[in-house]
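Here are some exercises to work through with the model open. Try each one yourself before reading its solution.

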Amino acid sequence: MSSVAVLTQESFAEHRSGLRDEEITGTDEAYIPTYLEAFPPLPEKGPPGEKGGELTGAWSKIRPIKASVITQVFHVPLEERRYRDNGQFGEGEEAKVCLDIMQRTGAHIELSLAKDQGLSIMVTGKLDSVMKARKEIVARLQTQASATVAIPKEHHRFVIGKNGEKLQELELKTATKIAIPRPEDPSANIRITGTKEGIEKARHEILLISAEQDKRAVERISLEKAFHPFVAGAYNRLVQEMSQETGARISIPPPSLAKDEIVITGEKEAVALAIARIRSVYEEKKRKTTTISVEVKKSQHKYIVGPKGNTLQEIMESTGVSVEMPPLDSDSETIILRGEPDKLGSALTQVYAKAKSVTVVEVMAPAWLHRFIIGKKGQNIGRITQQLPKVHIEFTDGEEKISLEGPTEEVEQAQAQIQEIIKDLLVKMDYTEVNIEQRFHRHLIGKNGANINRIKEQYKVSVRIPQDTERSGLVRIEGDPQGVQLARKELMEMAQRMENERTKDLIVEQKFHRTIIGQKGEKIKEVRDKFPEVIINFPDPSQKSDIVQLRGPKNEVEKCAKFLQKLIADLIENSYSISVPIFKQFHKNIIGKGGANIKKIREETNTKIDLPTENSDSEMIVITGRKGNCEAARDRILAIQKELANIKETEVTIPAKLHNSLIGSKGCLVRSVMEECGGVHIHFPSEGSGSDRVTIRGPAGEVERARRQLLQLAEEKQINNFTAELQAKPEYHKFLIGRGGANIRRVRDRTGARIIFPSPDDPEQELITIVGREEAVRLAQKELETLVRNLDDVVEDSMVVDPRHHRHFVCRRGQVLRELAEEYGGVAVSFPRTGTHSDRVTLKGAKECVEAAKRRIQEIIEDLEAQVTVEVIVPQRYHRAVMGPKGSRIQQITRDCEVQIKFPERDESAGTDPPAHENGDAGPEAEFVPRKNDIITISGRSEKCEMARAALLVGGLPPFGPAPSSFALRSSALLSLGSGPGYCGRGSSLRSPSLHHRAERKRHPQDDGRIRGVEELSSQHCQCVCALRSFRLTMSVHPKYHPKIIGRKGAVISQIRKDHDVNVQFPDKGDEQQDLITISGYEHNVEEARAAIEKLVSALEEMISEDVKLDHRVHARIIGARGKAVRKLMEEFKVDIRFPQPGSEDPDRVTVTGLPENVDNAIDHLLNLEEEYMMSVTETETMAAYMKPPSRAGGADEDGRVPVKGFVVRDAPWSAAGNKAPDMSSAEDFPTFGMGVAPKQTSAWGPKKF
């Protein structure tokens, strides 16, 4: 059954106007709204009682938008966390569980670890998603408890609610699981599972529901079904009044339900009062009413009932008479009217009036004409429904009738119009049906519907071809009588022609398809020209199919098939392929200058020779062609290699069963032998051949060496190839290995077996492999099994740790505890919660792991007890150099010395330090005065602090090198705490007989074991070192050489600075003298650095630059992945290669810079690569063009997208004279919400902290 719904002008205009009340006339789809229509202004606030204007009404139609995304935060205490100490935070089971919950619920979850190791969880998303996610998080991440609550069995259904909604809401609200016993279960206990807090909430809610039900009563009274409408009243008004007056809920079954029971629920007194009122109405109506029966056609019943029964309610309201209709599935046409005798007459009149208010008429029309009657996009039928909107027109698929329903007069008008349309169409239209075998249907349609669309357009007809699922051969043609006949004739001719056609499939390996097609499709074009009546279809390369389809006249198809089979046979004969291993360094000699050698071999042997790409590690050259020709080409290539090097080939016999073990995983073992023996080639026979002969080719001496190694390895493999496997949990592996591999080294030394642990990428993370002699493997396996059994024996122990040290273990998100767990077999260490004032620490895990962890914790505590604090004075302007790049130097000292180093806050006045004196002109009056911001603090064991301080003063600071003799200073002495050499500026130390240094140790008032070492500096030493260090020199170098001196990512200049211990500064872009480079440091170091730069510049001046034309299509291949290939070329030929930028005027120009000889060699090599790559490029483009589908016509752009016009409004403020449209990219016109303006960074140290 199908129907047509038409959108009228009025409804369309109302829909399009959006907020407007006025009607928009016309049906122009390109209507452009005004600015005020699209963006109505906010209503102005007026005095109370004042009516809003037109715009206020517009805004009143817009529903307020509620926030659809909410955020909830809740906390899981440490003792209730299900997963604890599971390695790096954010990488364990908790993260996996949260990721799974996010995928299932669509909510966003963020985890954070509190100081007390509790888990803070923030869930963001839509309300429903957040509640579901919270429930799952609590169930899966928090330890669960359970409790029961008992309520009367009859109250259980109120806890469940309608369709279980109340129960679901309760579970989501409390994040618990509530199990209610089934009705047949006599138990009244409800089980609640969840967190303690959630259980209490759920228990409270359930008891509230039960308490509420205790106060309520439920009564059922049976009254005759016929009197239910009188109890309900018209539009249920009477029953609603009763409910409001009594406070009871009255449920009357609907007329369609054959039940006479009325249910009243509520407070007991209210229920009793409602029952009394209902019985009163029932008794009164039963005494006063009578009935009459009338017969009305079944088809008219729906008009008496009206939409949603409104007509019956109208009659009830106006007359007080109830109209009883027979069920829809009944054949009865009898309608019963029940009411007071004086009202029955008027009710009967209304029933007849409603029955005759609507007429149904059927208009006969051939089914194939229906879509023409409807018209294109419903135009024809739309005109009728617009004129007669109360008429409903219905078309039935497959039936030759049209149903019209509506007021009598309008139905008659619609009937006349439709009959007129049918009469007109029968004169102008015709149809015919032709039976064509279904196997020909797709050929009638053609590729992308080409054939059938041409027939439709040419003859102005409609052709319906049945779907394959219909299994019908009946093709229907409709349209102009003459066009129908011509289309029928052409379709029959096509079908007859196809009956004489034959389709044949040839099996051709896909690798030959490109060869058969030829470059730019030349070869297949020749075949098609030779057999013009045969259609040859190749499969799409992505399908990886070997079937080539031929279609055409039978004889022609056979001839074409024989021709192609012969062609394929020749290709198979010419597709013999052999691989020749040639040392990589000889590939360029085989190619020859400009590709001369390889081209000559190809032409003379009639073979195809493929060399590996430049960035490939393969040494194999592949030769393809006839077998004899391939062997001849191989001999010639080997001869070239033999001429260039003393190459020898020998064979060695090794049992085939040992081949795989000698080759090793992914060839690693045999590759190491080849590399060790000067790059010889070792060729093993193919697997399954059964051959024991292994071929070795290479330089004579290296071949013999490789032969001996292979035989030795084979002998060892036969003896030492016994393997055993052991299963152990991954968390035990680190403990089995031990610190620095100590444990596993002991096992290896005792047994002599090799023990292999899985790598992080291995799928079997529990598998440990033992390799070696059988007796050694058995012994090692026994020892490891004993260790694993001991680890599986879980014990729980405790130790006392002073609470003041607890923070060291739990800070930084428990990093120390995670390291303990990783190092000692996953042992779980639990510290008491903050505020409990307990010093008891619990350890749980394998017995040996627990003991080792306890010893380690004790060591850490001893370190903390013995910790001291040393203060070292270094002028603040040198702190950045002390830290090193990204703090690398300080991090290294911290790790090596096991101390903590703290730098002072940055002082804004640090820039007022006196400038360094240049070239030794420091005055004797200069004096260094230490400040608070110059003090660096080192914390740790006393001896460790000494080591860190020494490393800080010597290794961390820029070294000053040997001082000139004129200063009579020695740089080898180090500053030591309490005595020793004088301190100098940056923390480097110098010893002078005339200078003294003193240091004093001070004990802090609180007895915490820290020592404060205050080092007082000699101002004369500072002056000396500053003078030495500040020697400056400038040199002139042409700016074009600056990038080369700097090098890739500053590699060259960084090396110069490191080798000579100097600072090299290049001019800024805005400087006038762009050629000046400034070098500063010790004088002799500066001179050496200048000499190094001059040497580099002289080498650069000898270089030349040449341009070479390389097709831009091969540039990407020459460059390689991330520039790997071109960097290898530049390193090999010692040149610089620059490719043009995208959009360059000459995209083929490549610039090569270097020494003349190197540039020539590099250009020759690039031209060879271009020739090699262009063959592949042209073949790929040919195949792509051949397989490319025909381009689509239309106004789409290059990507196939039709340009879309933006959102346009009329009468916008910026349309007025003198105004302009707002700048969408301007942060001033369109500021970003919630983003503050970042403060301007005036210092590399960042903003000042207070």
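The exercises below cover two helix pairs and a small sheet.

Before you start: this is a predicted model, where local features need pLDDT of at least 70, side-chain atom pairs count only at pLDDT 80 or more, and totals for chains, interfaces and linings use all residues. Residues are numbered from 1 along each chain as its sequence is written, and side-chain values use heavy atoms, with hydrogens and water left out.

**Exercise 1.** Work out how α4 and α5 pack.

Step 1: find the helices. α4 covers residues 93–105 and α5 covers residues 127–141; helices are DSSP runs of H or I, at least four residues, and strands are runs of E, at least two, numbered from the N terminus.

Step 2: get the geometry. The axes lie 10 Å apart, at an angle of about 150°. Axes here are lines fitted to C-alpha atoms, for helices over the stretch in contact, and angles run from 0 to 180 degrees between N-to-C directions.

Step 3: name the arrangement. Angles over 145 degrees count as roughly antiparallel, and α4 and α5 are therefore roughly antiparallel to each other.

Step 4: look at who touches whom (contact means heavy atoms within 4.5 Å). α4 brings residues including Val-97, Cys-98 and Ile-101, and α5 brings, among them, Ala-133, Ile-137 and Leu-141. By class, the α4–α5 contact has six nonpolar, two polar and six charged residues.

**Exercise 2.** Do the same for α25 and α26.

Step 1: α25 spans residues 596–605 and α26 spans residues 627–644.

Step 2: their axes are 9 Å apart, and the packing angle is about 155°. That makes α25 and α26 roughly antiparallel to each other, too.

Step 3: on the α25 side, look for Lys-600, Ile-601, Glu-604 and Thr-605; α26 answers with residues including Ala-632, Ala-633 and Ile-637. The contact of α25 with α26 divides into five nonpolar, two polar and three charged residues.

**Exercise 3.** Which strands stand at the edges of the sheet, each with a single partner strand?

Step 1: write down the order. The open sheet has three strands, β28-β30-β29, with antiparallel pairing; two strands pair if DSSP finds at least two bridges between them.

Step 2: read off the edges. They are β28 (722–727) and β29 (754–756), so one side of each is left without a neighbour in the sheet. From one strand to the next, the twist averages 20°.

Step 3: check a pairing. β29 and β30 (residues 767–772) share three bridges, and Arg-754 sits opposite Val-771 in β30.

Step 4: add the helix. α32 (residues 774–792) packs on the sheet and touches β28, β29 and β30; the direction of α32 makes about 5° with that of β28.

Note on methods. Parallel < 35°, antiparallel > 145°, perpendicular 65-115°, else oblique. Nonpolar A, V, L, I, M, F, W, Y, C, P; charged D, E, K, R; others polar.
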